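This report describes selected features of one protein structure. Salt bridges are treated before helix packing, surface and backbone.

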Amino acid sequence: QLQSKILVLTICAAGIGGTFQYGYNISIINAPTAYIQSFMNETWLERTGVPLESNVILLLWSFTVSVYPLGGLAGAVIAGPMAIVLGRKMSLLLNNVFVIIAAALSGFSRMAKSFEMIMLSRFFTGVNAGVSMNIQPMYLAESAPKKLRGAVALTSALFTALGLVLGQVVGLRDLLGGEESWPFLLASNVVPALIQLTALPWLPESPRYLLIDRGDEESCISALQKLRGNGDLSAELEEMLAEQAAVKGQRAKNPWDLFQNPALRWQLMSIVVLSSAMQLCRNDSMYFYAAYVFQEARIPQDKIPYVIIGTGSCELITSVTCNMIIDYAGRRPLLLGGYIFMAGWAIVFMVALSQQTQISWMPYLSMACIFAYILSFGIGPAGVTGVLPTEVFDQMSRPAAYMICGSLLWFNLFLVGTAFPFIVKSLAHFCYVPFLVVCICTALYVGLFLPETKGKSFLEISEEFKKRNFKTQTHAGFYKGPEEIKSTML
């Protein structure tokens, strides 16, 4: 049907210039590491006549890498106001300006003999990723029908994994990962941006944003008809009108409002725990160990980059699988199972690393652990975490919730990325103990406190959290419900 095609096109247009860029820009920086470090040294030598010391080159490279999550943090902070003022679709479109600036800076950096341009480029790339990772799942979840909401919002994780794999492929030395072509590799992120700028303007804005934020019922119905067809839209429209009535007279909240509001206590705690755990479980460090483990398994050096692509493909495969089952299995089982399996594989991986040189087949077990850990992360935490802020917060709180969620994600990425080399140095083969603790604690939180949101309307989810937030008052008999929830009748 035409309408289902429009929904698919909306998902693809939002994803290719959205979270795809996050995965793509994380992976393309790995291939030209040695060449960029050499370029830094040569540039400094030309300017001053003195080469850089190796520790200074390492410091400059560390800053080049770490400025990406700092840009992401800035993007997460501005994403909320952008989503409120400009709308979901327009925010995604304007977000491409950051990538175009970044591509121009990195593409001309060698010609200009300026490694500072690469650093600035990575910052703007991070800003783009920070904005898209907050707004894309919000836009798609608000545009999707209730029965497909989880699967549609989860495509954000699918596009992240797709970007990761394509970045690994394009970064191969045979393609753009060579010494002469690395500026083109870093500038290649302009292509997804141009695709989104071409396709997304023709597709509808979020119907919920049009009705609840803008109060434009006519545009909302028009957007719904494009996305759903000319069938009976009364039930969905009635649900939106009920939510509009529930938040009538309220302004869009900022993050501080969320922290002060007792009616949002458990929702806020849930996204803080899950957003932090997503980076603190340190799935990315498996890629850090991959090359070493594959070398120990006697895989030829020139074949290792191709095997590492297999690790990225694991995440892509599980994202597709999770996308297919999330609206059947539910959110809690996927999160719970993901963290439990990650905890188990972390234990096996640490044992395998400690025995790597003692037992001949241990490198192969380590290889299996790398793939299994990434698969476990992809099946639940990687995708479901990004869906939850849309489902557990109402329209007025959602942008602020994503600001908090995104800020924690990027801050923890920076924190763990900086601390991980020191953790490896101090704990050696048992460096996964802190991440194991995170996985166990998060699994306990999900199992004990997180309600299931599958197949429920936004108001039904609000009511369920209301019971948790005001449990003591309800038992005492004097709580009458938060002011913003007037009715859940459809």
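## A buried glutamate

Glu-243 has a relative accessibility of 2% and therefore counts as buried, the limit being under 20%. The model in which this residue is described is a predicted one.

Two salt bridges of Glu-243 can be described in turn. With Arg-208, the side chain of Glu-243 meets in a salt bridge of 2.5 Å, N to O. This pair joins distant parts of the chain, since Glu-243 belongs to helix α13 (residues 234-246) and Arg-208 to helix α11 (residues 207-213), 35 residues apart. Both Glu-243 and Arg-208 are buried. Glu-243 also forms a salt bridge with Arg-398, where the closest N and O atoms are 3.9 Å apart. Here helix α13, holding Glu-243, is linked to helix α21, holding Arg-398, and the two residues are 155 apart along the chain.

## The salt-bridge network

Which residues are linked in a network of salt bridges? They are Arg-88, Glu-142, Arg-208, Glu-239, Glu-243 and Arg-398. In the whole structure, a search finds 13 salt bridges.

Glu-142 and Arg-398 also meet through their side chains in a salt bridge, at 2.8 Å from N to O. The partners come from distant parts of the chain: Glu-142 is in helix α7 and Arg-398 in helix α21 (residues 398-427), with their positions 256 residues apart. Glu-142 counts as buried because its relative accessibility is 1%. Arg-398 is likewise buried, with a relative accessible area of 0%.

## Helix packing

Helix α15 (residues 265-280) packs with helix α20 (residues 381-392) at an angle of about 160°, and their axes are 10 Å apart. This angle makes α15 roughly antiparallel to α20, because angles over 145 degrees fall in that class. The crossing of α15 and α20 is left-handed.

How do the axes of helix α2 (residues 19-28) and helix α8 (residues 149-170) cross, and within what distance do they come? They cross at roughly 30° and come within 6 Å. Helix α2 is therefore roughly parallel to α8, as angles under 35 degrees count as such. The crossing in which α2 passes α8 is right-handed.

## Nonpolar surface patch and helix α5

A nonpolar patch of about 470 Å² on the surface is made by Val-85, Leu-86, Met-90, Leu-94, Val-97 and Ile-101. Helix α5 (residues 88-107) gives the most to this patch, contributing four residues. Ile-101 is found in helix α5, and it counts as partly exposed because its relative accessibility is 35%.

Gly-107 also lies in helix α5. With 28% relative accessibility, Gly-107 is classed as partly exposed. The C-alpha atom of Gly-107 is separated by 14 Å from that of Phe-39, and the two residues are 68 apart along the chain.

## Backbone at Lys-113

Where is Lys-113 placed? This residue is in the loop between α6 (109-112) and α7 (116-143). Lys-113 has a positive phi of about 55°, although it is not a glycine. Most residues other than glycine have a negative phi. The relative accessibility of Lys-113 is 45%, so the residue counts as partly exposed.

Terms used:
Residues are numbered from 1 along each chain as its sequence is written. This is a predicted model: local features need pLDDT of at least 70, side-chain atom pairs count only at pLDDT 80 or more; totals for chains, interfaces and linings use all residues. Side-chain values use heavy atoms; hydrogens and water are left out. Patches are made of residues with over 30% relative accessible area and no salt bridge: like charges are joined within 9 Å, nonpolar side chains (Val, Leu, Ile, Met, Phe, Trp, Tyr) within 5 Å. Accessible areas come from the Shrake-Rupley method with a 1.4 Å probe; for residues, only the protein chains shown count as cover. A salt bridge is a side-chain nitrogen of Lys or Arg within 4 Å of a carboxyl oxygen of Asp or Glu. Buried means under 20% relative accessible area, exposed over 50%, partly exposed in between (1.4 Å probe, protein chains only). Axes are lines fitted to C-alpha atoms, for helices over the stretch in contact, and angles run from 0 to 180 degrees between N-to-C directions. Angles under 35 degrees count as roughly parallel, over 145 as roughly antiparallel, 65 to 115 as roughly perpendicular and the rest as oblique. A crossing is left-handed if the near helix is turned anticlockwise from the far one by less than a right angle, and right-handed if clockwise.
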